[in-house]
Amino acid sequence: MNANNNDFDLSSYARRCASFGSSTNSFLLKHQDKGFIERMVEEQVKVLGGNKELYNRIDSNMKNGVFDHFFISEHCVIYSWRESFVSKYFPDNSWFTVDFDDEDEFEAEDGNRKFAATIPFQITRHFDRVIALASANVPSELTWLKQQVYFEKDELLSEEAEWKYKWEVAMTMKKTNGDGLQSLEWESSSLEMEFSDVAHMFAEMYQTGPKKLEEMALKAILLRHISTGSTNFLPLEYLPKEINKKAATGMYNIEGAAPNNISDEGKEVFERMREAFNKKSS
């Protein structure tokens with residue numbers, strides 16, 4: 001009986017905390033600084049060489065979980081910038097989250113685990129709101145509210161974001177005890193990624209030389225297309241069907257060889273992933 005009461009009290013406390021955090025966020029958002037928000041967007045555009053249309057494309061991809069084969073490194077650069085932004089404007093203990101699925105974790109959760117389950121989700125799916133909360137100008141007597149920001153967590157979408165945009169996570173996973181490659185296989189499968197997605201990721205990670213001329217040319221065409229401000233990314237009607245197909249699905253297929261411009265370790269990973277996806281499809 002007592003255990004049930006404790007469980008109920010903890011759950012009720014979690015709900016009250018989330019409600020307080022949501023109310024705090026709503027108040028802060030009413031005091032957002034649009035000039036600050038615009039400057040932070042421009043800072044991100046700068047790291048992409050000033051290409052606002054490319055930034056808009058990356059921002060949209062992150063919000064919607066779209067994987068882009070040809071601009072992986074650019075997505076990673078923006079992701080890294082946003083992580084640094086959060087570290088600067090939301091240092092430790094200036095924000096909190098609530099886990100309604102595991103009440104023990106709510107009571108005492110490791111800081112690193114809390115960050116990993118929350119911030120990747122926030123800086124990909126809801127970064128507009130993150131910037132707006134950071135920008136809030138409130139009266140001096142209410143500045144303490146900026147230390148009570150509430151960020152919802154989503155472990156699955158956070159895991160997906162780190163896997164796609166933070167290469168250290170995949171590399172660390174490979175070097176963990178046991179069969180690191182098996183962990184990579186499981187991860188790619190759980191996130192429902194296609195072989196071409198994974199192949200492009202590891203081709204970037206293990207790159208040792210220039211890419212094929214065809215891939216570089218196609219990326220240049222896509223970049224020019226994006227830069228026109230077109231909302232229709234594909235198809236490119238003026239290109240052959242085979243090139244359009246590669247633009248949509250990537251350069252690598254499960255029957256093809258590993259690219260020549262990656263390291264031996266990269267080729268090992270490439271072949272291992274091919275085996276895993278072949279087993280998955282059989």
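Axes here are lines fitted to C-alpha atoms, for helices over the stretch in contact, and angles run from 0 to 180 degrees between N-to-C directions. The model is predicted.

**Exercise 1. Find how H12 and helix H13 are oriented to each other, and list the residues in contact.**

Solution.
- Start with the geometry. H12 and H13 (residues 241-249) pack at an angle of about 80°, and their axes are 11 Å apart.
- Apply the cut-off. Angles of 65 to 115 degrees count as roughly perpendicular.
- H12 and H13 are therefore roughly perpendicular to each other.
- Now the residues. H12 contributes Glu-214, Leu-218 and Leu-222, while H13 contributes Ile-243, Lys-246 and Ala-247.
- Sort them by class. The contact of H12 with H13 has four nonpolar, no polar and two charged residues.

**Exercise 2. Repeat the analysis for helix H3 and helix H12.**

Solution.
- H3 covers residues 52-64 and H12 covers residues 213-227.
- Their packing angle is about 95°, with the axes 8 Å apart.
- The range for roughly perpendicular is 65 to 115 degrees. H3 and H12 are therefore roughly perpendicular to each other.
- On H3, the contact uses Glu-53, Leu-54 and Arg-57. On H12, it uses Leu-223, Ile-226 and Ser-227.
- By class, the contact of H3 with H12 divides into three nonpolar, one polar and two charged residues.

**Exercise 3. Classify the packing of helix H4 and helix H7, give the handedness of the crossing, and sort the contact residues by class.**

Solution.
- H4 spans residues 72-89 and H7 spans residues 127-135.
- The angle is about 30°, and the axes lie 11 Å apart.
- Angles under 35 degrees count as roughly parallel. H4 and H7 are therefore roughly parallel to each other.
- H4 passes H7 in a left-handed crossing.
- From H4 come Trp-81, Arg-82, Phe-85, Val-86 and Tyr-89. From H7 come Phe-127, Val-130, Ile-131 and Ala-134.
- The contact of H4 with H7 counts eight nonpolar, no polar and one charged residues.

**Exercise 4. Decide whether Cys-17 and Cys-76 are buried or exposed, then count the disulfides.**

Solution.
- Buried means under 20% relative accessible area.
- Cys-17 has 17% relative accessibility, so Cys-17 counts as buried.
- Cys-76 has a relative accessible area of 12%, so Cys-76 is buried.
- A disulfide is a covalent bond between the sulfur atoms of two cysteines.
- The test is a pair of cysteine sulfur atoms within 2.5 Å. By this rule the count is zero disulfides.

**Exercise 5. Locate Met-273 and Asn-93, and assign each as buried or exposed.**

Solution.
- Met-273 sits in helix H14 (residues 264-281).
- Its relative accessibility is 1%, so Met-273 counts as buried.
- Check a partner in space. The C-alpha atoms of Met-273 and Phe-195 are separated by 7.5 Å, although these residues are 78 residues apart along the chain.
- Turn to Asn-93. This residue lies in the loop between H4 and strand S1 (95-96).
- Exposed means over 50% relative accessible area. At 70% relative accessibility, Asn-93 counts as exposed.
- Note the backbone. Phi of Asn-93 is near 70°, a positive value in a residue other than glycine.

**Exercise 6. Summarise the protein chain: how many helices and strands, what percentage buried, and what share of contacts join residues at least 24 apart?**

Solution.
- The protein chain has 14 helices and two strands.
- Of its 282 residues, 46% count as buried.
- Take contacts between residues at least 6 apart in sequence. Of these, 74% join residues at least 24 apart.

Definitions and conventions: Residues are numbered from 1 along each chain as its sequence is written. This is a predicted model: local features need pLDDT of at least 70, side-chain atom pairs count only at pLDDT 80 or more; totals for chains, interfaces and linings use all residues. Side-chain values use heavy atoms; hydrogens and water are left out. Helices (H or I, at least four residues) and strands (E, at least two) are DSSP runs, numbered from the N terminus. Angles under 35 degrees count as roughly parallel, over 145 as roughly antiparallel, 65 to 115 as roughly perpendicular and the rest as oblique. A crossing is left-handed if the near helix is turned anticlockwise from the far one by less than a right angle, and right-handed if clockwise. Contact means heavy atoms within 4.5 Å. Ala, Val, Leu, Ile, Met, Phe, Trp, Tyr, Cys and Pro count as nonpolar, Asp, Glu, Lys and Arg as charged, and the others, Gly among them, as polar. Buried means under 20% relative accessible area, exposed over 50%, partly exposed in between (1.4 Å probe, protein chains only).
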